[in-house]
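Visitor: Could you take me through this model and explain, term by term, how each label is earned?

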Amino acid sequence: YDFLITKANLEKDDSIEDFINPVTSAESVLVGEPCLANVQQGQVLQLERRGFFRVDKVHRGADKPLTLITIPDGKKKSM
C-alpha cells in the first residue's frame with residue numbers, strides 16, 4: 001500500500017482532490033518455497049532481500065494463493 005495523499009502537507013487553499021494518489025496498492029506474483037503453504041493468517045514473515053510481510057490470506061490452492069502485505073520499514077520505495 002502507498003500513501004493516499006501525494007503531498008506531505010496540504011495548504012489551506014489546496015483541494016484534496018488534486019492530491020489523491022490514483023495508485024495506492026501494487027501486486028507482485030512470486031514463487032516461494034513449499035513451506036509457505038503452511039503459514040497462518042496474521043503471521044509475520046521475513047522474505048530474504050524483500051523485507052517483512054504479514055500474512056493476509058493463507059494458501060488454499062492454485063486459484064487462492066497466499067497473500068502477503070508489506071510491513072513498511074520507513075524507507076520510501078516505489079511501487
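Guide: Let us start with a pair of charged side chains: in this predicted model, Lys-7 and Asp-14 meet in a salt bridge, with an N to O distance of 2.7 Å.

Visitor: Why is the contact between Lys-7 and Asp-14 called a salt bridge?

Guide: The term asks for a side-chain nitrogen of Lys or Arg within 4 Å of a carboxyl oxygen of Asp or Glu, and the N to O distance here is 2.7 Å, so the contact between Lys-7 and Asp-14 qualifies. Side chains of opposite charge can pair when their charged atoms come close.

Visitor: What makes Lys-7 and Asp-14 partly exposed?

Guide: Buried means under 20% relative accessible area and exposed means over 50%; Lys-7 has 27% and Asp-14 has 25%, so both fall in between and count as partly exposed.

Visitor: How many salt bridges does a search of the whole structure find?

Guide: The search finds two, and Arg-54 with Asp-56 forms one of them, the closest N and O atoms being 3.6 Å apart, which is within the 4 Å cut-off and therefore counts. Arg-54, at 32% relative accessibility, is partly exposed, and so is Asp-56 at 23%.

Visitor: Where do strands 1 and 3 stand in the sheet, and why?

Guide: Three strands form an open, antiparallel sheet in the order 1-2-3, and strand 1 and strand 3 (67–70) stand at the edges because each has a single partner strand, which leaves one side of each without a neighbour in the sheet. From one strand to the next, the twist averages 45°.

Visitor: How do you know that strand 2 and strand 3 pair?

Guide: Pairing requires at least two bridges between the strands, and strand 2 (residues 51–57) and strand 3 have four, in the antiparallel sense, so they count as paired. Val-55 stands opposite Leu-68 in strand 3.

Visitor: What makes Ile-16 eligible for a nonpolar surface patch?

Guide: Patch residues need over 30% relative accessible area, and Ile-16, in the segment before strand 1 (44–47), is partly exposed at 41%, so Ile-16 passes that threshold. Together with Leu-10 and Ile-20, Ile-16 forms a patch with about 250 Å² of accessible area.

Visitor: How does the radius of gyration of the protein chain stand against that of a compact globule?

Guide: A compact globule of 79 residues would have a radius of gyration near 12 Å, but the protein chain has 16 Å; the C-alpha trace spans about 55 × 25 × 20 Å along its principal axes, and buried residues make up 10% of the 79 residues.

Key. Residues are numbered from 1 along each chain as its sequence is written. This is a predicted model: local features need pLDDT of at least 70, side-chain atom pairs count only at pLDDT 80 or more; totals for chains, interfaces and linings use all residues. Side-chain values use heavy atoms; hydrogens and water are left out. Patches are made of residues with over 30% relative accessible area and no salt bridge: like charges are joined within 9 Å, nonpolar side chains (Val, Leu, Ile, Met, Phe, Trp, Tyr) within 5 Å. Accessible areas come from the Shrake-Rupley method with a 1.4 Å probe; for residues, only the protein chains shown count as cover. Helices (H or I, at least four residues) and strands (E, at least two) are DSSP runs, numbered from the N terminus. Buried means under 20% relative accessible area, exposed over 50%, partly exposed in between (1.4 Å probe, protein chains only). Axes are lines fitted to C-alpha atoms, for helices over the stretch in contact, and angles run from 0 to 180 degrees between N-to-C directions. The radius of gyration is taken over C-alpha atoms; the globule rule is 2.2 Å times the number of residues to the power 0.38.
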